[in-house]
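Got your viewer open? Load the model, switch to a cartoon view, and follow along stop by stop.

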Amino acid sequence: EMPHRLFTLVFPIDPVNNCVLLGMKKRGFGKDKYNGFGGKVEPNESIESGAIRELAEESGLLAKRVDKCGLLFFYFENDPVAMEVHVYLTSDFSGQVIETEEMAPEWYSADKMPFEQMWADDSRWWPMVLKKQKFTARFWFFSDMTTITREEIVPVKS
Ligand code: 6U4
Ligand code: NA
Ligand code: NA
């Protein structure tokens with residue numbers, strides 16, 4: 001097993017309008033892509049607390065709870081450390097959406113996601129989210145960090 005680094009990825013959902021808050025990433029990893037909100041899990045926090053913290057830092061929203069919907073593993077051709085990304089939805093949040101130094105947030109209809117401006121894997125597993133089917137998925141990226149060379153998406157029991 002190769003070493004993993006832990007990350008979170010949170011999608012705020014407005015159930016009334018069936019909309020998802022995405023963030024246009026302004027810097028760092030995934031720059032110029034729409035992304036969920038998240039980042040590295042710190043050594044002193046649980047994965048869920050890390051998810052809630054990153055959502056607040058990057059969007060201004062305070063989630064009372066987050067609900068796990070999937071687990072992603074990314075393997076990059078020239079990187080010996082895999083990314084283990086815990087994916088959450090939340091509809092239970094307060095606060096105002098703000099633009100931050102890292103993210104410009106924007107609401108999208110959950111069935112009209114801007115996949116051409118997102119990571120290539122997102123269009124592969126987002127349909128599982130829409131079906132409320134929990135999943136574990138693994139993606140192997142070519143060294144260009146864009147092309148998926150292999151993928152596995154497995155539904156898991158709730
Ligand atoms: P700093 O150093 O504070 O800017 P931090 O916010 O801790 O970084 P960041 O933003 O680099 O971490 O974390 C990467 C984010 O990108 C995580 O939320 C996971 C997400 N992510 C990475 N690869 C992804 C991919 N292929 N598809 C996807 N999200 C991905 O949907
Ligand atoms: Na981040
Ligand atoms: Na961050």
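**Stop 1: the β5/β6 hairpin**

Start with β5 and β6, which form a hairpin with five residues between them. Select residues 67-76 for β5 and 82-90 for β6. Strand and helix names here follow DSSP runs numbered from the N terminus, with helices being H or I runs of at least four residues and strands E runs of at least two. The two hairpin strands pair in the antiparallel sense over seven bridges; strands count as paired if DSSP finds at least two bridges between them. For one pair to click on, show G70 and V87, which stand opposite each other.

Before you go on, a word on what you're looking at. This is a predicted model, in which local features need pLDDT of at least 70 and side-chain atom pairs count only at pLDDT 80 or more, while totals for chains, interfaces and linings use all residues. Residues are numbered from 1 along each chain as its sequence is written, and chains are lettered from A and ligands numbered from 1 in the order in which they are written. If you colour by pLDDT (the predictor's confidence in each residue, from 0 to 100), the mean for the protein is 96, and 100% of its residues reach 70 or more. The model scores ipTM 0.94 and pTM 0.96.

**Stop 2: out from the hairpin, both ways**

Now add β1, residues 4-14. Nine bridges join β1 to β6, and these two strands run parallel. Click V10 in this area: its bridge partner in β6 is Y88.

Go back to β5 and add β9, residues 135-141. β5 and β9 pair in the parallel sense over seven bridges. Which residue of β9 is the bridge partner of F76? That is F141.

Then bring in β10, residues 148-155, which pairs with β9 in the antiparallel sense over seven bridges. T136 stands opposite V154 of β10. β9 and β10 also form a hairpin, with six residues between them, and M145 in that turn has a positive phi of about 65°. While the side chains are on display, remember that in a regular strand they alternate between the two faces of the sheet.

**Stop 3: ligand 1**

Select ligand 1 and show the residues around it. "Near" means that a residue's C-beta atom, placed from the backbone, lies within 6 Å of the molecule. There are 16 such residues, and F29, G38, G39, K40 and W119 come nearest. Two elements give two or more residues to this shell: β1 and β6. The largest share, three residues, comes from β1.

Colour the shell by residue type and you get seven nonpolar, six polar and three charged. In this scheme Ala, Val, Leu, Ile, Met, Phe, Trp, Tyr, Cys and Pro count as nonpolar, Asp, Glu, Lys and Arg as charged, and the others, Gly among them, as polar.

**Stop 4: two loops with positive phi**

Most residues other than glycine have a negative phi. Select N18, in the loop between β1 and β2: it has a positive phi of about 55° although it is not a glycine. Is N18 buried or exposed? It counts as exposed because 12 other C-beta atoms lie within 10 Å. The cut-offs are 20 or more other C-beta atoms within 10 Å for buried, 12 or fewer for exposed, and partly exposed in between, with C-beta atoms placed from the backbone.

Next, jump to K132, in the loop between α2 (122-130) and β9. K132 also has a positive phi of about 55° without being a glycine, and it is exposed, with 9 other C-beta atoms within 10 Å.

**Stop 5: helix α1**

Select residues 47-59, helix α1, and pick out S49. S49 counts as partly exposed because it has 14 C-beta neighbours inside 10 Å. Draw a distance from its C-alpha atom to that of P127, 78 residues along the chain, and you should read 26 Å.

**Last stop: zoom out**

Show everything. The protein has two helices and ten strands, in the order β-β-β-α-β-β-β-β-β-α-β-β along the sequence. Its C-alpha trace spans about 40 × 35 × 30 Å along the principal axes, and 28% of the 158 residues count as buried.
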